[in-house]
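Here are a few short exercises to work through at your own pace. Have the model open, try each task, then compare your steps with the solution.

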Amino acid sequence: MTRIHKLSKRKKRDYLFVALLLAYPVLQFVITWGFVNIGSILMAFQKSNGWETQWTFDNFVTVVKNLFETTLNTTGTKWLNNQTVIILNSLGYAVITIFISLPLSLLFSYFLQKNMPFANVFRVIFFLPNIIPIVALAMAFNTPLKENGYIYEFFRMIGINMSSNLYAQWPTSQITVYLYCIWAGLGYNVVLMSGAIGRIPKEIFESAQLDGAGYFTEFTKITIPLIWPTIVTLVVLGMTNVLTLYLQPYLLSNGTTSGNIYSIAMEIFETTASSQDANALNQMAAKGLLFSVIWAPIVMLVRSKMSKKYDDVDF
């Protein structure tokens with residue numbers, strides 16, 4: 001005979017507590033992600049002729065065709081079209097995050113943990129851009145670069161004539177945005193990595209020093225492997241910027257509609273904010289879905305490969 005085990009009152013309370021704990025995030029996911037994105041996904045397969053809506057793949061065909069159009073981009077660059085510039089701009093956010101911002105943050109975090117003078121002061125300085133509103137931060141970054149700004153005047157004094165509008169010509173426009181992202185993003189990475197490095201037992205470093213390990217060996221053979229999960233997380237976040245980052249270039253350019261600094265997300269944002277054409281909105285929905293389907297597996301593959309490099313360590 002099958003025995004039926006009745007749940008004890010304690011078990012029931014535990015299950016009820018877990019259910020209530022999960023209810024809010026699940027409900028939030030369904031409302032803020034499910035409803036919104038289901039509508040966007042359906043729009044990607046729709047085409048309006050003014051009287052009725054048809055289900056079609058034409059939006060995806062149009063998006064792919066635009067990638068290979070032969071018309072000049074907004075800057076007149078002959079070997080790039082508008083969509084190529086947008087894709088390059090977007091991919092650049094992953095490149096600068098993984099290969100510039102992340103290594104710099106890792107180095108700064110490591111040396112801040114070595115009891116250097118004024119270490120806490122430097123942590124505050126690094127983190128300041130993350131507690132200042134992004135609108136004020138973009139204005140603070142732009143002001144010295146404008147005509148009569150101190151950086152503009154410095155370059156003029158040494159014989160370098162900067163454009164009065166750095167966002168008027170590609171690739172100078174996008175390089176300027178990248179510099180802002182590196183400057184503003186260092187603090188967030190430094191705080192996370194400092195916390196991860198701070199969790200490493202000091203006895204490990206002391207043992208390495210007794211064995212004659214220098215800073216380089218300690219950094220590459222101990223610190224990086226032990227905080228590898230944090231590094232993997234930051235790499236994944238950096239790669240997601242390819243499809244999500246739009247506010248920074250938008251604010252730096254004061255909402256300009258110039259395609260020089262468009263990212264994939266910014267183009268979708270600008271189109272949905274200004275266009276009343278249903279088919280244009282459907283095409284942007286198709287574009288977002290297409291690039292998500294392409295990029296998401298790449299992000300997951302990178303995460304999977306990186307996670308296998310070092311075993312997880314508990315301490």
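**Exercise 1.** What should the 36 residues of helix 1 span at 1.5 Å a residue, and how far apart are its end C-alpha atoms?

*Solution.* Keep in mind that this is a predicted model. Start with the rise of 1.5 Å a residue: the 36 residues of helix 1 should then span 52 Å. Next, compare the ends: the C-alpha atoms there are 50 Å apart, which agrees. Finally, look along helix 1 for a bend: there is one of about 35° at Ala23, and Pro25 is a proline that follows within four residues.

**Exercise 2.** Describe how helix 1 packs against helix 13.

*Solution.* Two packed helices are described by the angle between their axes and the distance between the axes. Here the axes of helix 1 (residues 9-44) and helix 13 (residues 278-307) come within 7 Å and cross at roughly 110°. Angles of 65 to 115 degrees count as roughly perpendicular, and that is how helix 1 lies to helix 13. Now find the residues: Ser40, Ile41, Met43 and Ala44 in helix 1 meet Leu281, Asn282, Ala285, Ala286 and Leu289 in helix 13. Sorted by class, this contact has seven nonpolar, two polar and no charged residues.

**Exercise 3.** Classify the ring pair Phe45 and Phe57.

*Solution.* The whole structure holds 13 aromatic pairs. For Phe45 and Phe57, the ring centres are 5.5 Å apart and the planes stand at 90°, so the pair is edge-to-face.

Key: Residues numbered from 1 in each chain as written. Predicted model: local features only at pLDDT ≥ 70, side-chain atom pairs only at ≥ 80, totals over all residues. Heavy atoms only, no water. Axes fitted to C-alpha atoms, helices over the stretch in contact; angles between N-to-C directions. Helix = DSSP H or I, 4+ residues; strand = E, 2+ residues; numbered from the N terminus. Parallel < 35°, antiparallel > 145°, perpendicular 65-115°, else oblique. Contact = heavy atoms within 4.5 Å. Nonpolar A, V, L, I, M, F, W, Y, C, P; charged D, E, K, R; others polar. Phe/Tyr/Trp six-rings, centres within 6.5 Å; stacked < 30°, edge-to-face > 60°. Expected span 1.5 Å × (residues − 1). Bend = angle between axes of the 7 residues up to and from the residue.
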